[in-house]
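Me: I should like to go through a structure with you, beginning with the overall picture and then turning to particular residues. Could you take my questions one at a time?

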Amino acid sequence: MSSGSTCAVVGCHNNSRKLKNALETFCLEHQQLRKACPCPSPYTLHSMPWKEDRKLAWLAALRLKHPPKRVCSFHFIDKTPTQLHPDPELYLGYDRPPPKKRRKLTRTTLSVTASSDTNNTESVPDSTVLRSVELDQASISTQPPEPHLHSVHTQWEDPSQQDHQYCNRSRRKDVQDKMTQCDEVAYFILQNDADTLLYTGIALETFNTLVSTLEGYDNNEFTVPVQDQVLMTLMKLKSNRVIGDLSHQFHISQSMASKIISHWLDKLEEVLRPLIPWLPKETIQATMPEAFKKNFPNATCIIDCSETLLQKPRNLGSRGESYSHYYSHNTVKYLVAVAPCGLIMFVSAAYGGRCSDKFITMDSGILTYLKPGDEVMADRGFTIKDLLFERKVRLVIPAFTKKRRQLTEEQVTYTRRIANVRIHVERAIRRLKVYKILSQIVPISMAPKVDKILRICAALVNLREDLIRDTQ
């Protein structure tokens, strides 16, 4: 979801917005704006190299798990990647002190049981009958006190905070991996097409074909059958169930379930990407429904933008970029293009909810697919007539009142005809949001994979039956 406009080095806050603002300032030496004067810019943002060895070198230098998108020139010896110094080496944030962690203390009360002899009890001092000792977590783990010596009134630990401390569970058999002790779960869950549509969004035969195609992409680290791995991933997309629920149903640990879903999101996006093709003009004309042939015979695609709610980011910059005034919530926004026959031909990357429809259309790359003579149908919010005019593409949108009280009779009829066929892109987006991971709030942890999730869901929608059945 990130636009990659901020430097990826820890502690570095250089980004494209600051650079743009700096170029808009006035240069006192040359008496003109800095973007026009010969003064060098304060810094530049360099993209990730394409070569695999250089990518690994950058990851090692920056100590990152995922490839960064931009690194500013402050971290290069020559202010830019050169043959002698191709990797970032300066001010990489290693010397930043780690955040201090509070030591967890637990107060326990130790009591000395009295002897059966009352004389011995009276001879024991009062200070030895009840002693309060503060022990840290390390001493408690090495020498646990007896269960009957705990006092509820002096216990410092909050039981509600123990829900996510999986390593401290006493019942280790619940955490151990049980995946070798069960048969294929998919065999018992998917009995017919109705069950498969409920859990995966596709038919049973389509699911089996997909599993057989993905056999060669299995990771040997996972001992779960491939069919169960794919089913678990599709169940996460379709019903957006929590990882703990899926791990319990498939009899594996939560960490293993998370690794399986992350692995298959990457592989599914790689395999299913060809299922979102941009159809040639001849195919579009051959599969065009009758409603389009009558009123819009040259229509190429119908475009529209949709939004999915996003968990509020901690970073204030990301929070502002993803805030949508339409939804009054942080969202991700994406563009969907549908052919007249109902096939999803294009789905863009995810942008912040603040981006306009025109910016997403211009930046997503959909304009490169359009050819002279094509027609694009859109809503009134797509003010892209100037962009399409350069490519000799006609824009079909509903009529505007243009400061008039109402539309003319011809404009009303024209608008109704557009709405009659433009509804199909809304139906395609509705099918897309059948996958609840796109209709519910996306957690920040899933934000880096939103682009892949969008393409996977769009491809799975194309695997269903035709959106427009009446083509006569």
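The exchange below concerns the structure shown above, which is a predicted model.

Me: How many helices and strands does the protein chain have?
Reply: The secondary structure consists of 19 helices and 13 strands. The protein chain has 472 residues, and buried residues make up 38% of them.

Me: And of the contacts between residues at least 6 apart in sequence, what share joins residues at least 24 apart?
Reply: That share is 60% in the protein chain.

Me: Which residues touch the most other members in the largest nonpolar core?
Reply: They are Leu234, Ile303, Ile344, Met377 and Leu432, in a core of 95 residues. Domain 2 (185-274) and domain 3 (277-463) both contribute residues to this core, so it lies between them. Apart from it there is another core, of 14 residues, which includes Cys7, Cys12, Tyr43 and Leu45.

Me: What does Ile344 touch?
Reply: Not counting residues up to four places away in sequence, Ile344 touches Ile276, Pro277, Val336, Ala337, Val338, Ala428, Leu432, Ala458, Val461 and Asn462. Two of these partners, Ala428 and Leu432, are among the buried residues of helix H17.

Me: Let us stay with H17, then. What is its extent, and where is its kink centred?
Reply: H17 covers residues 409-432, which is 24 residues. From its first C-alpha to its last it reaches 35 Å, close to the 34 Å expected at 1.5 Å a residue. A kink of about 30° is centred on Asn420.

Me: Which other residues of H17 are buried?
Reply: Besides Ala428 and Leu432, the buried residues of H17 are Gln411, Thr415, Ile418, Val421, Arg422, His424, Val425, Ile429 and Arg431. As background, an α-helix has 3.6 residues a turn, so residues three or four places apart point the same way.

Me: And Ala419, is that buried or exposed?
Reply: Neither: Ala419 is partly exposed, with a relative accessible area of 47%. Ala419 belongs to helix H17, and its C-alpha atom is separated by 9.1 Å from that of Asp379, 40 residues away along the chain.

Me: Where does Asp304 sit, and what does it touch?
Reply: Asp304 is in strand S7 (residues 299-309). Its relative accessibility is 10%, so Asp304 counts as buried. Not counting residues up to four places away in sequence, Asp304 touches Tyr334, Leu335, Val336, Phe382, Arg422, Val425, Glu426 and Ile429. Among these, Arg422, Val425 and Ile429 are buried residues of H17.

Me: A change of topic: how many aromatic pairs are there?
Reply: The count comes to 6 aromatic pairs. In one of them, the rings of Trp278 and Tyr369 have their centres 5.1 Å apart and their planes at 25°, so the pair is stacked. Trp278 lies in the loop between helix H11 (254-272) and helix H12 (281-286), while Tyr369 lies in the loop between helix H15 (357-364) and strand S12 (375-377), 91 residues apart.

Me: Is Tyr369 buried or exposed?
Reply: Tyr369 is partly exposed, at 39% relative accessible area. Ring pairs also link Trp278, Phe346 and Tyr369 into a cluster.

Me: What about the rings of Tyr351 and Phe359?
Reply: Their centres are 6.1 Å apart and their planes are at 85°, so the pair is edge-to-face. Tyr351 is buried, with a relative accessible area of 12%, whereas Phe359 is partly exposed at 35%.

Me: Where is Arg354, and what is it in contact with?
Reply: Arg354 is in the loop between strand S11 (351-352) and H15. Arg354 is exposed, with a relative accessible area of 55%. Leaving aside neighbours within four places in sequence, Arg354 is in contact with Arg17, Gly320, Glu321, Ser322 and Tyr323. Arg319 is 35 residues from Arg354 in sequence and 9.8 Å away in space, C-alpha to C-alpha.

Me: Back to H11: what covers its buried residues?
Reply: The cover includes helix H8 (204-213), helix H9 (226-239), helix H10 (243-249) and helix H19 (450-462). Among the buried residues of H11 are Met256, Ile260, Trp264, Leu268 and Leu272.

Me: Finally, where is Thr196, and is it buried or exposed?
Reply: Thr196 lies in helix H7 (residues 193-199) and is buried, with a relative accessible area of 0%. Its contacts, leaving aside neighbours within four places in sequence, are Leu190, Gly201, Ile202, Ala203, Leu204 and Phe207.

Methods
Residues are numbered from 1 along each chain as its sequence is written. This is a predicted model: local features need pLDDT of at least 70, side-chain atom pairs count only at pLDDT 80 or more; totals for chains, interfaces and linings use all residues. Side-chain values use heavy atoms; hydrogens and water are left out. Helices (H or I, at least four residues) and strands (E, at least two) are DSSP runs, numbered from the N terminus. The expected span of a helix is 1.5 Å times one less than its number of residues. The bend at a residue is the angle between axes fitted to the seven residues ending there and the seven starting there. Buried means under 20% relative accessible area, exposed over 50%, partly exposed in between (1.4 Å probe, protein chains only). A nonpolar core is a set of buried Ala, Val, Leu, Ile, Met, Phe, Trp, Tyr and Cys residues joined through side-chain atoms within 4.5 Å. Domain bounds come from an automatic or database domain assignment. Contact means heavy atoms within 4.5 Å. Rings of Phe, Tyr and Trp (its six-membered ring) pair if their centres lie within 6.5 Å; planes under 30 degrees apart count as stacked, over 60 as edge-to-face and the rest as tilted.
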